[in-house]
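Colleague: Could you take me slowly through one part of this model, the place where neighbouring helices pack against each other? I would like one connected account that I can follow with the structure open.

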Amino acid sequence: MTAMAGDAYRAAKQAIVSVWHRFIPFGAEALDGELEQAHSQLVAAQAAGNPETERDLAARWQQALQPLFAADPGAVEALWAALVDAGVLMPPAAPSQAQTGDRRLVAKADGHARVYQAGNDLHVSER
């Protein structure tokens, strides 16, 4: 959802719609409109300092993309690759940089706190 509010919005939207159309040809136009609406809501939520709305939008989009992922297991990799190609996501680390082993991340947040966790690189861009 961060990409949906930032400068990469147009590239992210184009990548998502393109992959959706590739795996589920029907509904891509409606998806485009829904992404525009989500973008407007996200920008408004961020301007109002409303992280709850941001979380709700993220959860809604995780659910909305489930038909894409259910249509073909390759859709996940295709979407990831499209977002990397669009410059929205960072490419995966080279095998020599990959870390192995178990990780356990635990966090607790109260009030309006935000928690960011990552097992490797973490890039957060907030305004």
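Modeller: Leaving aside its neighbours within four places in sequence, Lys 13 is in contact with three residues, namely Asp 32, Leu 35 and Glu 36. Please keep in mind throughout that this is a predicted model. Lys 13 itself belongs to helix H2, which covers residues 9-23, and with a relative accessibility of 11% it falls under the 20% cut-off, so it counts as buried.

The partners of Lys 13 lead to the packing of two helices. Helix H3 takes in residues 28-47, and it packs with H2 at an angle of about 155°, the two axes being 9 Å apart. Since an angle over 145 degrees is taken as roughly antiparallel, H2 and H3 are therefore roughly antiparallel to each other. Their crossing is right-handed. On the H2 side the contact is made by Tyr 9, Arg 10, Lys 13, Ile 16, Val 17, Trp 20 and His 21, while H3 contributes Ala 28, Leu 31, Asp 32, Leu 35, Glu 36 and His 39. Sorted by class, the residues in this contact of H2 with H3 are 7 nonpolar, 2 polar and 4 charged.

H3 also packs with helix H4, made of residues 51-64, and here the axes come within 9 Å and cross at roughly 160°. By the reasoning already used, H3 and H4 are therefore roughly antiparallel to each other as well, although the crossing of H3 and H4 is left-handed, whereas that of H2 and H3 is right-handed. From H3, the residues Leu 31, Glu 34, Leu 35, Ala 38, Gln 41, Leu 42, Ala 45 and Gln 46 meet Thr 53, Glu 54, Leu 57, Arg 60 and Trp 61 of H4. The classes in the contact of H3 with H4 come to 7 nonpolar, 3 polar and 3 charged residues. Leu 31 and Leu 35 are listed in the contact with H4, and both are also named in the contact with H2.

On the H4 side, Glu 54 deserves a look of its own. Glu 54 lies in helix H4 and has a relative accessible area of 16%, under the 20% limit, so it too is classed as buried. Not counting residues up to four places away in sequence, Glu 54 touches Leu 42, Ala 45, Gln 46 and Arg 114. Of these, Leu 42, Ala 45 and Gln 46 are among the H3 residues that meet H4.

How values were computed: Residues are numbered from 1 along each chain as its sequence is written. This is a predicted model: local features need pLDDT of at least 70, side-chain atom pairs count only at pLDDT 80 or more; totals for chains, interfaces and linings use all residues. Side-chain values use heavy atoms; hydrogens and water are left out. Helices (H or I, at least four residues) and strands (E, at least two) are DSSP runs, numbered from the N terminus. Buried means under 20% relative accessible area, exposed over 50%, partly exposed in between (1.4 Å probe, protein chains only). Contact means heavy atoms within 4.5 Å. Axes are lines fitted to C-alpha atoms, for helices over the stretch in contact, and angles run from 0 to 180 degrees between N-to-C directions. Angles under 35 degrees count as roughly parallel, over 145 as roughly antiparallel, 65 to 115 as roughly perpendicular and the rest as oblique. A crossing is left-handed if the near helix is turned anticlockwise from the far one by less than a right angle, and right-handed if clockwise. Ala, Val, Leu, Ile, Met, Phe, Trp, Tyr, Cys and Pro count as nonpolar, Asp, Glu, Lys and Arg as charged, and the others, Gly among them, as polar.
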